[in-house]
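Me: I'm new to this structure and would love a close look at one part of it. Could you walk me through it slowly?

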Amino acid sequence: MAEDAVRKATEQWFVGRGLPHFIADYEAARDIWTRAMPALTLLVLVEVVVLAPRQDFPLWLNAVALAGAFAALLGAWALVNRRRRRPPMQRPDSLGPVEVAAFVLGPALVPVIAGGQVRQALGVALLNVALLGLIYVTTSYGIVAIVRWALRVLGRQIEAVVSLVARALPLLALLVTFLFLTNEVWQTAGAIVGPTYWVAVGLFPVVGVVFLVVRLPRDIGALNDFGDTRDFQTLVAPTPIGSVAQLPADGRAPALGRREWGNVGLVALFSQGIQILLVSMLIGVFFVLLGLLLVDAATTREWAHQVNVLATLTVGERDLVVTEQLLRVAGFLTAFSGLNFTVYLLTDETYRREFRDEVVGDLRQAFAVRAAYLRHLATAAVAAPAR
């Protein structure tokens, strides 16, 4: 029982840090879909409430249709439980293909039953498949837990982040301010509208992610090596497995699998991405304020050949205007500055020490806990037959 408690607590520790794939024998039916069940249930309820009523039905008939739809869903739930030899209304401890298919097809049948709308039913089924994929990825890789963990790390680093921004902002501002005050930038970034603008802005974070991904194997590869027993014990001591932790015989845990690598990569990307996003947002605020003070409506019209004033603030005898063109130029240069900051973060040793060491340290602790966890499971498996 004590060994089971240690295992469960350690696995919850992995989930809380956004590393559910560190759990041994991680399965979709038991570990992923079951954890996603609240989201799936909410999705079905919302779709039934939206799809069952019809505008050409009177209120009482819509109420009957809604009640019938819920009754059909409960009946389907009971039939699935009966097939699995469970009580009719029991919450399942695992969700297999039958249950997942019911979540996809159940709401899709509502438009057919309510009014024979086959095309709408097909659209609902396709939408549910896409949503299931999103829910699977989000739950499988613990995206919500990763974001919470990254925000906690950022909260502990906030003083260092402010200091870092104070040093990074002058350098980035010196590089970009001259671009900000040139009419060529306003004629291009300020005049682009629609998807073209967002594609242009999105190129910068895409390139930044590529830089981060290329560096990940080198940054993470050494975290799985624990030659120093004292360092290993210091890392695992405050964790649930600390009381029974043993260093692997060769000082290394088994190599990461493909999904484990993907999970670790997401943790590293999210943690650094949130930090870069915060710095980029502060830089964006700087550009908006700079444009508010220096670029009036007449100058905007001259540079961008158009002006769309969103808000006006009168200070003394001067009108400070927030224009659509200002926000477009500021957004474009903010994305560009974020890419520059990403490059600095990856190449400058000062940035690396002050901005990334805590993230890498937390990941190294997770690797140490994984090594102790796998050693604990192997030891328990060997001891079980002897009992």
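Which residue in β2 does L313 stand opposite?

Reply: Happy to help: L313 stands opposite L320 in β2. Before we go on, a word on the model: it is predicted, so local features need pLDDT of at least 70 and side-chain atom pairs count only at pLDDT 80 or more, while totals for chains, interfaces and linings use all residues. Residues are numbered from 1 along each chain as its sequence is written, and side-chain values use heavy atoms, leaving out hydrogens and water.

Now to the strands themselves. β1 covers residues 309–315 and β2 covers residues 318–323. The two run antiparallel and are joined by six bridges (strands pair if DSSP finds at least two bridges between them). Strands here are DSSP runs of E with at least two residues, helices are runs of H or I with at least four, and both are numbered from the N terminus. Two residues sit between the strands of this hairpin, where G316 takes a positive phi near 65°.

From the hairpin we can step across to T300, a residue of helix α13 (residues 297–304). T300 touches T323, along with W186, V295, H305, Q306, V307 and Q325, not counting residues up to four places away in sequence; contact means heavy atoms within 4.5 Å. With 1% relative accessibility, T300 counts as buried. Buried means under 20% relative accessible area, exposed over 50%, and partly exposed in between, using a 1.4 Å probe and protein chains only.

How confident is the predictor? On the pLDDT scale, which runs from 0 to 100 for each residue, the mean for the protein is 78, and 82% of its residues reach 70 or more. Confidence is highest in α13, at 87, and lowest in helix α2 (residues 28–32), at a mean of 59.

Another helix to visit is α14 (residues 324–347), which holds N340. N340 is buried too, with a relative accessible area of 17%. A polar atom of the N340 side chain lies 2.9 Å from the backbone oxygen of F336.

Helix α11 (residues 229–236) offers a view of two faces. F232, L235 and V236 are buried there. Seen down the axis of α11, these buried residues fall within an arc of 85°, so they line one face of the helix; the arc is that of the directions from the helix axis to the C-beta atoms. Turned away from that buried side is a face with the exposed residues R230 and T234.

Methods: Polar contact = N/O pair within 3.5 Å; in protein donor to acceptor, adjacent residues only side chain to side chain. pLDDT = per-residue confidence, 0-100.
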